[in-house]
Amino acid sequence: MNKLLITLLIFTAFTLQSNAQDSISTTNPIQQEFQELIESSNNYQEYKVVNYDDLIDLRDNTNDYIQKLKDQITVGKNTADQQEDEIANLEGELKTTQQDLQKVTEEKDNIVFLGLPLTKGTYMAMMWGIVAILILALLFFIYKFKNSNSVTKEAKKRLDDTEREFDAYKKKALEKEQRLGRLLQDEKNKVNRMNS
């Protein structure tokens, strides 16, 4: 939009300047006054006799016309200078706006993570990397848990088997002890009967 405004101002300045030059070149009253002076003068041999008052009026009108042209040139130059200043100011504003736009674009494209400015691509890659590491860690811990769980189940099964075997051994040992105790008692009873 600023470029359009600058282009429009430059076009307007050139148009005004060319219009001023056209108006100066097309309306030239001095030339007409010279023509009238020549036509109104009398002929004397090969020479034209010019009325002195008319010549003075022509001189004064010429000076006035030249002064008007100088004033118009000064006004045109001032207008052109003013427009050049405006163009320079607009170009400066445009440059500032473009720099601000670039900063905003960079800020939009960057993300600050732990105090470090990162591009969105780097940030996304880092986040997906962290997610992947966490998933791998989760899978590793699940594997370790299942492995430990199976080892624990195996150990419990062996413990249960050992306890059953121990209970069976204990039962057999108790039965054996009871049998031996009865046998001993029977032998004692026999010895006592024999002694009595």
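**Figure 1. An overview of the chain, with 7% of its 196 residues counted as buried.** Buried stands for under 20% relative accessible area, exposed for over 50%, and partly exposed for anything in between, using a 1.4 Å probe and protein chains only. This is a predicted model, where local features need pLDDT of at least 70, side-chain atom pairs count only at pLDDT 80 or more, and totals for chains, interfaces and linings use all residues. Residues are numbered from 1 along each chain as its sequence is written, and side-chain values use heavy atoms, with hydrogens and water left out. Four helices and four strands make up the elements of the chain, and from the N terminus they follow the order α-α-β-β-α-β-β-α. Helices (H or I, at least four residues) and strands (E, at least two) are DSSP runs, numbered from the N terminus. About 17,200 Å² of the chain is exposed, with 59% supplied by carbon and sulfur atoms; accessible areas come from the Shrake-Rupley method with a 1.4 Å probe, and for residues only the protein chains shown count as cover. Take the contacts between residues at least 6 apart in sequence: 53% of them join residues at least 24 apart, a contact being heavy atoms within 4.5 Å.

**Figure 2. Two annotated kinds of region, as UniProt places them.** The unreviewed UniProt entry gives "transmembrane region" for residues 123-143 and "coiled-coil region" for residues 66-107 and 152-179. UniProt positions are in the numbering used here, feature names are shortened, and annotations may be inferred rather than shown by experiment. In the model, residues 123-143 are 100% helix and 0% strand, with 30 Å between the end C-alpha atoms. Residues 152-179 are also 100% helix and 0% strand, and here the end C-alpha atoms lie 39 Å apart.

**Figure 3. A nonpolar surface patch that includes Leu136.** Look for Met124, Trp128, Val131, Ile135, Leu136, Leu138, Leu139 and Ile142, which together offer about 800 Å² of accessible area. Patches are made of residues with over 30% relative accessible area and no salt bridge; like charges are joined within 9 Å, and nonpolar side chains (Val, Leu, Ile, Met, Phe, Trp, Tyr) within 5 Å. Leu136 belongs to helix 4, residues 120-195, and counts as exposed because its relative accessibility is 57%.

**Figure 4. The one aromatic pair found in the whole structure.** Phe140 and Phe141 are the partners, arranged edge-to-face with 5.7 Å from centre to centre and 65° between the planes. Rings of Phe, Tyr and Trp (its six-membered ring) pair if their centres lie within 6.5 Å; planes under 30 degrees apart count as stacked, over 60 as edge-to-face and the rest as tilted. Phe140 is partly exposed at 44% relative accessibility, while Phe141 is exposed at 57%.

**Figure 5. A salt bridge between Arg59 and Asp60.** Side chains of opposite charge can pair when their charged atoms come close. The count in this model is five salt bridges, each defined as a side-chain nitrogen of Lys or Arg within 4 Å of a carboxyl oxygen of Asp or Glu. For Arg59 and Asp60, the closest N and O atoms are 3.5 Å apart. Both partners are partly exposed: Arg59 has a relative accessible area of 46%, and Asp60 has 34% relative accessibility.

**Figure 6. Salt bridges Asp161 to Arg164 and Glu187 to Lys190.** Asp161 and Arg164 bring their closest N and O atoms to 3.1 Å. These two residues are three apart in helix 4, so about one helical turn separates them. Asp161 is partly exposed at 26% relative accessibility, whereas Arg164 is exposed at 53%. Further along, the side chains of Glu187 and Lys190 meet with an N to O distance of 3.9 Å. Glu187 and Lys190 also lie in helix 4, three residues and about one turn apart. Glu187 is partly exposed at 42% relative accessibility, and Lys190 is partly exposed at 46%.
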